[in-house]
Amino acid sequence: MKAFQLLSRGGVFDKKRFTGDVQLFNEKRTSGVNATKEPVTELPPELDFFRYTQGGASKRKAPQPVVDHNDEERESKRKRTRPDIDEKEEGPTQLRHRVTTKGNNVPDPVESLDVLKGKYGVPSRIMQNLNEYGYTSLTPIQSHAAPILLQGRDLAAISPTGTGKTLSYLIPVMTSLKSPISYSKQDTGSGVRAIILAPTRELAHQIHNECMKLAQGRKWRIVLLSKATASTLANKSVSDKVDIIVSTPLRLVDSLQRGHFSLDNVRHLILDEADRLLDSEFLSQTQELLSACTHDEVQKAAFSATLPAAAEKITMDALKDPIRVVVGLKDTPLPSISQMLLYVADESSKLPTLLQHLANPYSPPIMIFTSTQPRASSLAEQLILNNAQNVDCLHAGMTNKERQDTALRMKRGECWILISTEVMARGMDFKGVQGVINFDFPTSLQSYVHRIGRTGRAGREGTAITYFTDEDAPFLKPIANVMLQSGSTVPEWILKLPKPSKMKRRAMGRVRRGETVTKDDRIGKREAKRKSYSHPWSHVVIGMWRKYPNPHCSHVLSVDVIDRSVDPNTGIVRTERILGCKQKAPTWILKLLGGSEDAFVREVSFVDPASQTCTITSVNLSLSQFVTCYERIQYTPSASEPRNQTAFSQTAEIQARMALWRNASDRLEKWLAERFEQNAQKGKLGFSVVLRTLWDGKDQQMALQ
Ligand SMILES: Nc1ncnc2c1ncn2[C@@H]1O[C@H](COP(=O)(O)OP(=O)(O)OP(=O)(O)O)[C@@H](O)[C@H]1O
């Protein structure tokens with residue numbers, strides 16, 4: 001049915017009349033479910049992030065076996081390390097979850113929510129809320145982290161993106177707080193008891209929402225710190241009754257410095273995205289907050305999908321008798337994300353490559369990352385100009401309200417393409433993101449892991465494409481390594497690249513790029529034509545569907561309409577067609593085509609009756625690995641005679657992507673530009689014949705009327 005919904009999106013479909021056809025999709029789904037019935041295991045398939053119960057990552061090869069680099073070290077320090085970890089790794093739970101732990105007296109993981117409730121007294125209300133939101137099992141990090149936190153231990157937890165780290169600290173923190181401070185009969189002191197820090201407003205907002213879900217039905221005071229809430233908390237009688245504050249470091253430090261409240265009653269301090277909170281941008285603020293939590297029994301925990309050595313050292317130094325838990329491999333994406341590196345030669349080739357990608361059917365929503373705010377805005381503008389639908393942009397340069405509205409549209413599924421910067425790279429959980437495109441190369445391995453981790457969450461699959469230019473090529477190796485580790489394939493030549501030096505790694509992704517994303521003159525050939533037809537706009541648009549066959553365009557052999565739909569709100573008609581062509585070509589091009597003269601073109605058109613605009617974009621499907629021929633035609637009523645003349649503009653962008661063979665590239669572009677010129681002439685002649693045949697006589701009558 002999902003396939004059916006995708007195919008029929010935007011159109012009104014009479015499901016009763018075509019019951020048989022709809023049934024085909026339903027049946028497929030039912031048989032699919034039976035066919036893929038999982039073996040009965042303790043871990044439900046959607047939480048089996050490592051596809052272990054299925055014998056490896058679906059569609060891709062299973063991840064490399066876990067290499068615990070600390071094995072030898074652990075052996076020698078067995079006394080201070082959990083004594084049974086190596087033996088236990090042979091057991092089914094450890095093996096299946098691929099978890100390694102380090103520290104003194106590590107508590108046993110719990111298998112289920114019921115065990116967690118029975119052993120640690122998770123309140124019934126929280127259990128009920130978890131159940132209501134569909135959480136019936138624990139993910140590996142939750143099984144391991146929750147008992148550790150519930151035993152009051154400090155923790156550094158590393159688990160891949162989208163594996164449920166948020167609940168792994170929220171359940172224990174809320175359980176440990178027992179009841180809201182305003183109801184508590186115990187000596188809970190006065191003042192906020194738990195702090196959750198996150199690097200961005202959006203993530204803090206998301207965590208606050210999760211907290212509120214768990215707290216539903218009880219009068220917890222959980223505050224998302226903002227300018228407004230901070231001034232309310234300046235009133236001591238209010239701040240004394242606060243249970244949990246979720247905040248970014250900057251906002252919280254500001255409140256402390258203004259003396260709004262103090263953190264001396266804090267019993268739980270959670271650093272979400274710890275490595276980001278401890279990087280140079282946030283370090284001093286985070287350290288200030290760590291030292292402001294002065295209660296003797298303060299429990300500290302750090303969570304992230306990545307923890308580079310420097311951040312890990314600072315984390316471990318800040319924790320007391322810590323336990324370190326690593327699920328999967330450190331700094332490695334999940335195998336459910338299919339990753340690909342795509343060579344785009346230079347900056348100016350990125351936009352045509354992206355437009356070509358979007359001209360093919362794709363499953364929304366997707367997220368696209370750029371390196372700067374102006375580039376994100378500019379890319380969004382370009383996509384909108386090129387008819388991409390439901391495009392949104394989110395970056396830190398926007399107002400709070402704009403950011404909130406965009407995030408909401410994304411949550412509601414109204415946004416199909418979200419263009420953003422690093423601000424959305426961490427923690428954000430937009431369900432069902434199908435793919436990520438790194439339009440600009442990430443600036444670190446960690447940034448790569450978090451950006452692509454916006455897809456493939458909670459056991460779903462996703463795809464991640466990273467564009468790289470000649471300038472990015474020296475930094476491919478580290479990314480290629482994690483791709484291999486997580487089961488994606490990497491071209492041989494990338495694996496043979498030398499590892500960049502430490503110095504060089506600092507320059508990763510910091511290429512000087514323009515503030516705007518344009519298809520500038522360096523893009524192959526750009527041709528433009530302007531003409532007019534002496535027929536009214538509506539006649540031209542109707543004639544467009546009868547354009548082939550015609551005597552001047554004998555190279556177009558077939559036209560298949562693969563989708564047509566009408567937007568019920570705007571009345572815009574969207575049509576998607578595949579044109580089959582036969583084109584005489586020089587022998588060397590025929591060789592590229594595998595000896596065939598057959599070529600296919602995908603064409604998408606939008607007819608907007610309100611603005612009387614018809615826009616047709618087409619892109620070559622054949623030879624697309626070597627060249628992009630992106631053509632755009634627009635028909636509008638002519639400015640001088642809008643009732644009976646139609647203006648026509650046609651642009652083509654032709655770009656060969658064979659940077660290693662510049663000579664061949666130039667020759668291919670030249671040949672394609674010549675072909676565009678010939679076809680444009682033939683097209684104009686052929687279409688004139690078609691329009692005359694269809695409307696001659698009728699147009700004159702209409703003009704007279
Ligand atoms: N026990 C569970 N059962 C089912 N789904 C779960 C469970 N725990 C978490 N999820 C879902 O998994 C998704 C990812 O969770 P979460 O955002 O906590 O991941 P994360 O590990 O913190 O990711 P990131 O590293 O990107 O911050 C969420 O949609 C959440 O609802």
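**From the ligand to the sheet**

In this predicted model, a polar side-chain atom of T166 sits 2.6 Å from an oxygen atom of the ligand. Two arginines make comparable approaches to ligand oxygen: an N or O atom in the side chain of R454 is 2.9 Å from an oxygen atom of the ligand, and for a polar side-chain atom of R457 the distance to such an atom is 2.8 Å. The protein covers 92% of the 640 Å² of accessible area that the ligand has on its own.

Around the ligand there are 20 residues, of which Y135, S137, K165, T166 and D429 come nearest. By character, this shell divides into nine polar, six charged and five nonpolar residues, and its largest share, three residues, is contributed by helix α9, which spans residues 165–176.

A second feature to follow is an open sheet of six strands, which are paired in parallel and arranged in the order β9-β14-β13-β10-β12-β11. Its edges are formed by β9 (337–345) and β11 (391–394), each of which pairs on one side only, and from one strand to the next the twist averages 20°. Within the sheet, strand β10 (residues 366–369) runs parallel to strand β13 (residues 435–438) and is joined to it by four bridges; I368 has I437 in β13 as its bridge partner.

Helices pack against these strands. Helix α19 (residues 400–412) touches β10, β11 and β12 (417–420), and its direction makes about 135° with that of β11, whereas helix α20 (residues 445–452) lies across β9, β10, β13 and β14 (462–469) and runs at about 150° to β13.

Technical notes: Residues numbered from 1 in each chain as written. Predicted model: local features only at pLDDT ≥ 70, side-chain atom pairs only at ≥ 80, totals over all residues. Heavy atoms only, no water. Pairing = 2+ DSSP bridges. Helix = DSSP H or I, 4+ residues; strand = E, 2+ residues; numbered from the N terminus. Axes fitted to C-alpha atoms, helices over the stretch in contact; angles between N-to-C directions. Contact = heavy atoms within 4.5 Å. Near = heavy atom within 4 Å. Polar contact = N/O pair within 3.5 Å; in protein donor to acceptor, adjacent residues only side chain to side chain. Areas by Shrake-Rupley, 256 points an atom, 1.4 Å probe, with all protein chains shown as cover. Nonpolar A, V, L, I, M, F, W, Y, C, P; charged D, E, K, R; others polar.
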